[in-house]
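Let's take a friendly walk through a protein model. Have a look at the chains first, then read on.

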Amino acid sequence: MSAREAASPLQLCRIMRPDDANIVGNVHGGIILKIIEEAGCIVSTRHCNTQNGDRCLAALVRVEKTEFLSPVFIGEVAHVTAEITYTSKHSLEVQVKVIAENILTGAKKLANKAALWYVPCSLQNVDKIMEVPPIKYASEDQEEEGRKRYEAQKMERLETKARIEEVVPSPPNPEDPPKEQYTVGFSQSTLIHLVGPSDCILHDYVHGGVTMKLMDEVAGIAAARHCNTNIVTASVDAINFHRKIRKGCVVTVTGRLTFVSNKSMEIEVLVDASSLTEEEKGKYRAVSAFFTFISLDKFNKPLPVPALKIEGEEEQRRFEEGKARYLQNKAKRLADKERQQ
Amino acid sequence: MSAREAASPLQLCRIMRPDDANIVGNVHGGIILKIIEEAGCIVSTRHCNTQNGDRCLAALVRVEKTEFLSPVFIGEVAHVTAEITYTSKHSLEVQVKVIAENILTGAKKLANKAALWYVPCSLQNVDKIMEVPPIKYASEDQEEEGRKRYEAQKMERLETKARIEEVVPSPPNPEDPPKEQYTVGFSQSTLIHLVGPSDCILHDYVHGGVTMKLMDEVAGIAAARHCNTNIVTASVDAINFHRKIRKGCVVTVTGRLTFVSNKSMEIEVLVDASSLTEEEKGKYRAVSAFFTFISLDKFNKPLPVPALKIEGEEEQRRFEEGKARYLQNKAKRLADKERQQ
Amino acid sequence: MSAREAASPLQLCRIMRPDDANIVGNVHGGIILKIIEEAGCIVSTRHCNTQNGDRCLAALVRVEKTEFLSPVFIGEVAHVTAEITYTSKHSLEVQVKVIAENILTGAKKLANKAALWYVPCSLQNVDKIMEVPPIKYASEDQEEEGRKRYEAQKMERLETKARIEEVVPSPPNPEDPPKEQYTVGFSQSTLIHLVGPSDCILHDYVHGGVTMKLMDEVAGIAAARHCNTNIVTASVDAINFHRKIRKGCVVTVTGRLTFVSNKSMEIEVLVDASSLTEEEKGKYRAVSAFFTFISLDKFNKPLPVPALKIEGEEEQRRFEEGKARYLQNKAKRLADKERQQ
């Protein structure tokens with residue numbers, strides 16, 4: 001394949017699905033950005049592999065400022081064109097254009113234009129940056145303009161690199177002091193989820209199974225943060241679903257360790273829902289439950305779990321309650337075993 | 001269809017996919033719970049619609065304590081059997097069994113047994129609870145045992161209902177005071193995402209497009225929380241990707257409003273990554289960027305945005321910087337327009 | 001837009017993700033079928049809306065027999081080209097070609113060629129079939145060949161329509177004793193899917209590609225159970241879509257082995273749909289088809305397949321019919337080869 005061919009534009013298209021959009025039907029900007037990057041990654045990885053040497057993957061290092069020029073809706077087809085427009089020794093620029101087509105009316109509109117910079121990393125050693133095969137330019141002017149864009153973005157990347165390294169890796173709220181390891185606060189985790197169409201199939205309300213999946217996810221993250229190992233769900237206490245969660249709500253799911261035995265962790269999971277558009281209803285607790293996780297080694301054998309550092313009366317109370325549940329379950333398991341014998 | 005037939009067990013199976021599991025190959029408990037609930041919802045919705053009257057959906061109200069008896073792995077087939085085992089006037093119990101089959105060796109193991117309680121809600125009016133058609137029992141004993149389970153769970157649901165309603169709908173950290181509306185803290189949003197196989201296709205590192213999608217998601221939630229309307233992405237400032245994010249990491253994405261003009265909101269999005277299993281590496285800032293959102297009415301026309309209540313010097317400084325970016329972009333747009341004329 | 005333009009080919013591409021493949025890395029045939037159908041649906045819906053009158057959606061009514069010519073792997077890019085090749089008054093034929101590209105090595109291979117028939121349904125009233133705008137042909141011969149294909153498929157669709165309505169669907173019975181290995185009952189598999197919003201994008205009816213993906217999944221499970229090895233889709237017999245499936249329906253997909261040769265397995269897949277809430281309408285057979293799978297060793301070389309233990313007259317009859325199809329296809333392949341020499 002000649003350099004010219006390799007650099008030929010790539011076209012991809014995809015129909016916009018209900019899950020790509022908010023409840024009013026507007027496709028999320030993030031979906032458009034993801035498709036743009038997929039096209040950029042394909043065209044630049046393909047180009048960087050048109051030479052001898054290590055096989056490589058083009059890694060995204062920068063996206064230039066981009067404007068969303070027209071909204072895109074469910075059922076429209078997004079046509080994405082990606083073209084390599086400049087190559088330096090170790091990086092390349094891809095310009096991408098997104099046109100949204102309504103296939104029922106034939107109407108087309110420009111939805112987005114973006115410029116992305118990629119760097120080829122060796123698949124043998126990701127820290128090794130490969131050389132980029134040069135492209136041919138239609139004119140000297142074109143090459144010169146590309147060089148200017150290259151210099152400008154290089155300078156900006158260096159500047160922000162300096163700035164980002166100043167920032168102390170920080171919890172969401174930078175005023176909070178960092179938490180000590182093995183405390184409840186250290187592993188406490190929160191996720192938010194915007195309820196989408198596939199979460200509510202028969203109805204406008206979230207299926208209970210969707211909520212339980214999110215609960216298990218956040219409990220698993222809290223457990224893994226506590227013990228830094230492979231963890232699996234061992235059991236779930238009874239869960240009551242008191243309040244329904246409607247499509248378009250934001251669900252906040254928080255997991256925090258309450259009790260730790262020698263070989264298991266109990267995580268309390270709280271699910272709060274709030275409507276983004278019906279302000280008056282406020283935030284409400286929809287579900288809560290206790291998940292028990294165990295830590296496994298690479299042969300799937302249980303590992304000991306680090307002790308939990310308790311801070312304050314509230315945590316102490318929750319720990320005692322967790323211990324009572326743990327002892328009760330243990331007694332029940334023993335009784336069941338005896339009965340079976 | 002007679003009541004007898006409608007109550008006949010439901011069998012479904014699904015193969016476990018890479019995205020259902022953690023990086024070691026263990027299927028997440030949450031995936032199993034989600035499949036269990038799907039089977040329960042189908043069998044009970046079908047049963048409750050075998051009579052005249054409003055069409056209805058069975059809504060999950062309770063899951064009994066459940067144990068994960070054996071781990072399930074990618075490539076195994078989960079066989080789920082769901083059977084209605086008790087009906088009261090307004091609720092029904094479904095017992096579900098999950099058997100995991102290794103289709104390469106033929107080995108089967110019991111992975112989970114669960115009991116779920118559903119209540120039929122009218123599709124015309126979700127607050128109207130419908131009656132449940134009775135099932136036939138194999139014996140009087142069977143019916144009697146079901147009645148006992150029904151009474152026991154009813155009592156527990158009432159108890160936790162009282163308890164849950166005491167709980168003040170609260171922020172993740174219940175010690176924090178609630179935030180005042182229109183402040184930065186009020187709309188600040190954080191999501192966590194566990195990097196899975198489909199986020200890293202060619203490599204063990206997250207594709208940039210996946211990160212941008214998460215960034216847009218959290219920015220959109222912060223924007224919607226601030227103005228309680230339909231919001232869309234208007235533009236994204238240049239984004240630099242300084243550090244790669246590896247498979248198995250937890251990504252924490254935080255969005256906070258920095259500046260608000262009459263018709264737009266600027267949201268700063270911070271992406272931090274941390275490995276769950278390689279403790280030494282700690283948490284690091286991988287990406288940060290500014291997203292601009294606008295608020296739309298139902299005809300997709302821009303709406304005014306509520307002013308941002310600034311608290312403290314840090315927020316004031318970020319507001320001024322955001323204002324400078326806003327004015328600079330506005331000047332640039334005007335210059336571009338003039339040049340084109 | 002002129003008729004000429006509208007009928008211009010459509011190109012789409014997508015990178016293959018871990019979730020698209022089995023644990024050995026082979027992309028499922030069902031994923032390829034789903035992408036093929038997405039391209040076919042876009043190009044034909046776009047074409048049928050290039051005229052005045054009701055806006056319409058092209059609904060898939062038939063896929064011609066298709067062979068999977070080369071396996072596709074995770075990380076490869078599937079390039080799909082779809083072109084309208086014949087139009088009758090009320091239907092149109094789309095020919096689709098799938099080329100898999102390894103963007104690391106530049107290697108390309110033809111993965112699949114398929115022909116799909118669509119019928120335009122009005123979005124106001126799905127039972128109203130619209131007229132199809134005619135395309136221009138490069139030559140009279142081309143048009144004449146298209147007309148022959150049209151007549152042939154029309155006759156076959158009428159025939160299978162009569163046949164499909166006889167079949168009585170039989171539900172699985174979990175009380176039955178365990179089946180002996182290598183019997184039809186041993187590997188028979190059923191999968192249940194609740195039709196969600198993303199299965200029905202432009203309409204309230206399931207896209208044909210979604211159904212084909214489910215069919216391939218269940219056929220693959222049945223095949224793997226029979227031979228306990230890595231299996232891949234080798235070909236799919238012509239599929240006719242007789243009845244539409246609506247959002248909110250439960251789809252039951254059953255796969256059972258009908259015939260086994262030395263190196264291949266034929267699996268009959270039956271798709272039944274039923275509404276959960278409108279039980280009176282009953283369950284109906286929506287689609288049925290024959291999939292052929294082969295068993296591979298770890299070097300992707302074909303393995304011998306265990307013989308099928310036949311029980312009863314019904315199974316014997318289906319086996320004979322499968323054998324006839326197998327011999328007919330083999331004869332056809334030989335004839336094609338001779339003609340090419």
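Which residue just after α5(C) takes a positive phi? That's C:N228, with a phi of about 50°.

## Before we start

This is a predicted model, where local features need pLDDT of at least 70, side-chain atom pairs count only at pLDDT 80 or more, and totals for chains, interfaces and linings use all residues. Residues are numbered from 1 along each chain as its sequence is written, chains are lettered from A and ligands numbered from 1 in the order in which they are written, and side-chain values use heavy atoms, leaving out hydrogens and water.

## A helix tucked inside

Helix α5 of chain C covers residues 208-227 (helices are DSSP runs of H or I with at least four residues, strands are runs of E with at least two, both numbered from the N terminus). From first C-alpha to last, its 20 residues reach 29 Å, close to the 28 Å expected (1.5 Å times one less than the number of residues). Of those 20 residues, 19 are buried, so α5(C) is largely enclosed by the rest of the structure. Here buried means under 20% relative accessible area, exposed means over 50%, and partly exposed is in between, with a 1.4 Å probe and protein chains only.

C:R225 sits in this helix and pairs with B:E101 in strand β5 of chain B, so to speak across the chains. Their side chains meet in a salt bridge at 2.6 Å, N to O (a Lys or Arg side-chain nitrogen within 4 Å of a carboxyl oxygen of Asp or Glu). C:R225 is buried at 7%, and B:E101 is buried too, at 4%.

## Where chains B and A meet

The contact (heavy atoms within 4.5 Å) takes 96 residues from chain B and 95 from chain A. About 8,100 Å² is buried between them, and carbon and sulfur atoms give 58% of that; buried area is the accessible area (1.4 Å probe) that two parts lose on being put together, summed over both.

The rule finds 2 salt bridges across this interface, including one between A:D237 and B:K65 at 3.3 Å. On the side of chain B that touches chain A, helix α5 of chain B gives the largest share, 10 residues.

## Salt bridges within a chain

Over all chains, a search finds 64 salt bridges. One of them joins A:R147 and A:E143 at 3.6 Å. These two are 4 residues apart in helix α3 of chain A, so about one helical turn separates them. A:R147 is partly exposed at 34%, and A:E143 is partly exposed at 29%.
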